[in-house]
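Got a fold on the bench and want to get your bearings? Let's go through it by question and answer.

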Amino acid sequence: MKPLVREAGFAFLAWFAPFAVSVCIFPLKEVHRPLFEEVMSLTLTANTALLGVIYLRSKSGDHLMRAVRIGATWTVANWLLDLIMFGWGPIQMPIRQYLWDIAGAYLVIPIITIALAAAQTIRASSEPS
């Protein structure tokens, strides 16, 4: 049960940090949309990298498979939590607009987690035995 709770917590944090930043800087979207988009891209990337490093730092198991799993889990969690907020929640957005504006950005999550695991695997294989 504990690993499932841990994964759910990380998935929530993977969604919550960028969402919180977007709420804080939302007025920027109206006056300077490119800057808003850039800040959000950097937030998503930095948050994913930080959480990925923390999640993958344990030495147990196949890092690459764990990275694929968490990358997919965090991506789907972002889509589902966004669907709640943008589909039925307080921030109404047509699904087509959501798909064009936001959904695709989350595909960077598994790319980052897999890259982190690959770097960890390469580092571990180059260490003297």
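What follows is a set of questions and answers on this predicted model.

Q: How many helices and how many strands are in the protein chain?
A: Start with the order of the elements: from the N terminus on, they run α-α-α-α-α-α. No strand turns up in that run, and the count is six helices and zero strands.

Q: What is the mean pLDDT of the protein chain, and which element has the highest mean pLDDT?
A: Remember that this is a predicted model, so confidence is worth a look; pLDDT is the predictor's own confidence in each residue, from 0 to 100. For the protein chain, 97% of the residues reach 70 or more, and the mean is 91. Among the elements, α5 has the lowest mean, 89, while the highest, 96, belongs to α3.

Q: What percentage of the residues in the protein chain is buried?
A: The C-alpha trace spans about 55 × 35 × 25 Å along its principal axes. To count as buried, a residue needs under 20% relative accessible area. Of the 129 residues in the protein chain, the buried share is 33%.

Q: What share of the contacts with a separation of 6 or more links residues 24 or more positions apart?
A: Here you set aside pairs with a separation below 6 and look at the rest of the contacts in the protein chain. Pairs 24 or more positions apart account for 68%.

Q: How far apart should the ends of α1 be at 1.5 Å a residue, and how far apart are its end C-alpha atoms?
A: Helix α1 has 23 residues, and the expected span uses one less than that number. At 1.5 Å a residue, that gives 33 Å. The model agrees, because the end C-alpha atoms of α1 are 32 Å apart.

Q: Which elements are included in what covers the buried residues of α1?
A: The buried residues of α1 include Phe10, Trp15 and Phe19, along with Glu7 and Ser22. What covers the buried residues of α1 includes α2, α3 and α4.

Q: Is Arg6 buried, partly exposed or exposed?
A: Arg6 lies in helix α1. Leaving aside neighbours within four places in sequence, Arg6 is in contact with Ile54, Tyr55 and Arg66. Its relative accessibility is 34%, which falls between the 20% and 50% cut-offs, so Arg6 counts as partly exposed.

Q: Why does Thr43 count as buried?
A: Thr43 sits in helix α3. Not counting residues up to four places away in sequence, Thr43 touches Ala17, Pro18 and Val21. Buried means under 20% relative accessible area, and Thr43 makes that cut because its value is 16%.

Q: How far apart in space are the C-alpha atoms of Val108 and Cys24?
A: Val108 is in helix α6, residues 108-126, and is partly exposed at 26% relative accessible area. Along the chain, Val108 and Cys24 are 84 residues apart. In space, their C-alpha atoms are separated by 22 Å.

Q: Which helix gives the largest share of the lining of the largest pocket?
A: The largest pocket has a volume of about 550 Å³. Of its 25 lining residues, the closest to the centre are Ser22, Phe36, Met40, Phe86 and Ile102. Elements giving two or more residues to the lining are α1, α2, α3, α4 and α5. The largest share, six residues, comes from α3.

Q: How many nonpolar residues are in the lining of the largest pocket?
A: Split the lining by class: four residues are charged and six are polar. The nonpolar residues number 15.

Key:
Residues are numbered from 1 along each chain as its sequence is written. This is a predicted model: local features need pLDDT of at least 70, side-chain atom pairs count only at pLDDT 80 or more; totals for chains, interfaces and linings use all residues. Side-chain values use heavy atoms; hydrogens and water are left out. On a 1 Å grid over the protein atoms alone, a cavity is a set of points where a 1.4 Å probe fits but cannot get out, and a pocket is an open set with protein on both sides within 12 Å along at least five of seven lines; lining residues have an atom within 4 Å of a point. Grid points are joined across faces, edges and corners, and a volume is the space filled by probe spheres set on the points. Helices (H or I, at least four residues) and strands (E, at least two) are DSSP runs, numbered from the N terminus. Ala, Val, Leu, Ile, Met, Phe, Trp, Tyr, Cys and Pro count as nonpolar, Asp, Glu, Lys and Arg as charged, and the others, Gly among them, as polar. Buried means under 20% relative accessible area, exposed over 50%, partly exposed in between (1.4 Å probe, protein chains only). Contact means heavy atoms within 4.5 Å.
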